[in-house]
Structures are given as structure tokens and as C-alpha cells.
Amino acid sequence: MVFLSRMARRFRKLSLMLSIVTVVALAPAATVDAAPNNHHGPTLTPQQSGTINRLQAISPVNSRVAWASGLGGTYALTTNGGATWKAAVVPGAEGLQFRDVEGVSETTAYLLSAGVGTDSRIYKTTNGGRTWTLQFQNQDPNGFYDCFSFWTGKRGITMADSVNSRFPVIRTTDGTTWQDIGDQLPAAQDGEAAFAASGTCIATQGGQRAWIGTGGAAKARILFTADGGNSWAAAETPIVQGTPTSGVISVAFRNSHNGILGGGELVAPTAFSNNIARSSDGGKTWQLASGTSFPGAVYGLSYVDQTRAVVATGPSGSAWSPDEGTTWSTLPGLTGFWAVAFANQHAGWLVGTQGRIVKISF
């Protein structure tokens, strides 16, 4: 029964996100190509990704190079700032959902597929996507990997849902092999997991710090390390929580002290809620900020470079804050977007349903 309940949770986790996005995907595609009415807001420029598969993760390397990933084993790459994108499918991965991508350069990137059992995998390319190497494939039928983040092109960490009160988190220090470091993390609550929405349930900063957002349990927490994953502590958060479908979904830090998280309740896409919190002490404590100006859960958020400006997005809408979540302004027409990330203030991207990509520039 324990096995069946865990498997049911994971299948439900996938199906919930699919069903929620089915509703918001019916909204018209974004056609905005100018700044919002607030003249301090960003410029939004729709681009052509080359795929109609939902894109769920975006990883800018610099203002020219960015990688995106999504359903159907799909990834996309631009090397000219998004003027053109080339989309393709990893051979043998046609049935996988690439919920996260980490771009290192225009030739090197990692892909993480989220799924039950052996569907959770990590691939790497060093030749711009011409070939991919399978680096990791989960063998635990209870396992489900959600997101990863990297300190350098060879040092990264991958979050997984709990199994038997333990997080089977894995880490690479050479960009090739992955080792389980789950014993270093705090014990998991019953049902505690991350959300494989946008690849941003984990954030890294500097050379050693990382933060992981969790939900699906009694408490929504941030797990954090300051030594590259050798030791961890846990902090409670004040956002919506306490159900199998609520908690922290996305976390970001602009320096070693100041961070922000977003989340909410997946099954309440039309409800406004306490879905944003921030920290000024490295993630040890969290205080509620203003909820986003769009309803529902935040699937992805990102600082605009290292400024206090933040962009948040989810199936029900997108918004930006100039002051780290104190105030929010809605970005017009942008529903059905799952992830956002920036190379700098002038080059960021939102990705979402039907392969849509919008470049966002401040």
C-alpha cells in the first residue's frame, strides 16, 4: 500500500500539472511586443521556438546563448539572442518530459527529465545537441527527480522527492558522474517533495550555497547548504501549504543573503493567496511578501540579474516586481508560461505552452 500510494502521488503530480495547464492554454497566445503601460516595465518580444511542445525550463548562458526544454523529449537552443531558435528531440527520449535544463555554453548543456522510476534521467551534450550522453537514470521505482542547479559547468546538484523519509538527492563534482548525498539532508516529512514545474525548485549561488523548496507535506520548507551539499539545515516558510499539492515551487537568490520564493496551491488556479515570501538572512528565516497580481500558483520566478527586480510566472499569469515582492505589476497577455530566467537586465526569456517563448528586457 505504501508503494502504491507513493506511485499514485507521483502520477497525480504529473497529471495535475497537465490538467491545470489545459485550462490556461486555451487563452490567446501572447502578442505583446511593447512595454506595459508602466513605462518602467519591461519590453516583451515573442519569438519562435521551433516547437509546439510545452516548454517548461529556460537557461540563459549569456545575452546570445540560451537553452530551453520541455515535453516530448524536446530542447531548443538559440545562439543569437533569440532571433532564431533551433528545436530538436533527444533520440530515444521522445516520451520524456524535460522539466529542467542547464546551459553551460553554446555547445554544452544538461537536461533533466522528471518522471516515475526510470523516466527520471540526466543527459549531457558537449557538441551543441548533435549527440547526448545519458549520465544518470533512476532505478528506484519510487523515485521521482524534479530539478537541478549548478555552481559551475561541472558542479551541480539534483533534487528528488522523498522515499522512505529520505531525499535521494544526487550531486556531481566532475560534470560526468552523480553520487547520492541523501544522507546529508534532513529527514523528510511524510509526502514531502519538490514540484517539477519550471526547474527552479533548487537554486545555487556562489561556489557552495544552495536552497531547495519543498511542499506536499504538513510544512513547506527550504532546505539549505553553505558547503556545497556536505551538510544541510531546514527552515519553515509562511506561504500556502499543508496539502499534497501546495508549497514552495520556485526559489531564487540574488546574493548569499537575499532570496525570494514562490509557490501556492496547484489545484486553485483562480485564487489569490500568500504565494510569495522572502529572506534576508540566507534562507534561515522567511517572511511573507505581497502575493502576485495574478491568481494561482507561481511556477517559476527569477531575479533580473542581481537587482531587486523579480519576474514571476505561472499558468494563470505573469508579473514583475521592482522591489523584491513588495509590489507587483501584471505583464499583459502572458498566461500559460511556466518558467523565466535572465542572463542580464536586457536578456531574459519566459517559456510556456505550445512552445511559446517571449524575450523580456528591462
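**Entry 1: R64 and its partner**

I started with R64, which counts as partly exposed at 40% relative accessibility. This is a predicted model, so I keep in mind that side-chain atom pairs count only at pLDDT 80 or more. Which side chain does R64 meet in a salt bridge? I found E106 there, with 3.9 Å from N to O. The cut-off for a salt bridge is within 4 Å, so this pair qualifies. E106 is partly exposed as well, with a relative accessible area of 39%.

Next I looked up where the two partners sit. R64 lies in the loop between strand 2 (55-60) and strand 3 (66-70). E106 lies in the loop between strand 6 (98-103) and strand 7 (109-113). They are 42 residues apart in sequence, so the salt bridge ties together separate parts of the chain.

**Entry 2: the other salt bridges**

How many salt bridges does the structure hold? I noted six. A reminder to myself: side chains of opposite charge can pair when their charged atoms come close.

I went on to E192 and R221, whose side chains meet in a salt bridge at 2.9 Å, N to O. E192 belongs to the loop between strand 13 and strand 14, while R221 is part of strand 16 (residues 221-225). This pair links distant parts of the chain, 29 residues apart. Are these two buried or exposed? E192 is buried, with a relative accessible area of 1%, and R221 is buried too, at 12%. Buried means under 20%, so both values fit the term.

Then I checked R254, which forms a salt bridge with E324; their closest N and O atoms are 2.8 Å apart. I traced R254 to the loop between strand 18 (246-253) and strand 19 (259-265). E324 is in the loop between strand 24 (317-321) and strand 25 (329-330), and 70 residues separate the pair. Both R254 and E324 are buried. I also came across a network: R166, D180 and D183 are joined by salt bridges that share partners.

**Entry 3: the disulfide**

I looked for disulfides and the count came to one. Which cysteines form it? They are C147 and C201, with sulfur atoms 1.6 Å apart. The link is left-handed, with -80 degrees about the S-S bond. I placed C147 in strand 10 (residues 145-150). C201 is in the loop between strand 13 (179-180) and strand 14 (202-205), so here too distant parts of the chain are linked, 54 residues apart. Both cysteines, C147 and C201, are buried.

**Entry 4: a sheet of four strands**

I followed one open sheet, made of four strands in the order 1-28-27-26, with antiparallel pairing. Which strands stand at the edges? They are strand 1 (43-48) and strand 26 (337-344). Each has a single partner strand, so one side of each is left without a neighbour in the sheet. From one strand to the next, the twist averages 25 degrees.

I took a closer look at strand 1, which six bridges join to strand 28 (residues 356-361). The two run antiparallel, and Q47 stands opposite I357 of strand 28.

**Entry 5: the whole protein**

Last, I stepped back. The secondary structure comes to one helix and 28 strands. Of the 362 residues, 61% count as buried. The protein exposes about 13,000 Å², and carbon and sulfur atoms supply 52% of that. Among contacts between residues at least 6 apart in sequence, 51% join residues at least 24 apart.

Note on methods
Residues are numbered from 1 along each chain as its sequence is written. Side-chain values use heavy atoms; hydrogens and water are left out. A disulfide is a pair of cysteine sulfur atoms within 2.5 Å. Buried means under 20% relative accessible area, exposed over 50%, partly exposed in between (1.4 Å probe, protein chains only). Contact means heavy atoms within 4.5 Å. Accessible areas come from the Shrake-Rupley method with a 1.4 Å probe; for residues, only the protein chains shown count as cover. Two strands pair if DSSP finds at least two bridges between them. Axes are lines fitted to C-alpha atoms, for helices over the stretch in contact, and angles run from 0 to 180 degrees between N-to-C directions.
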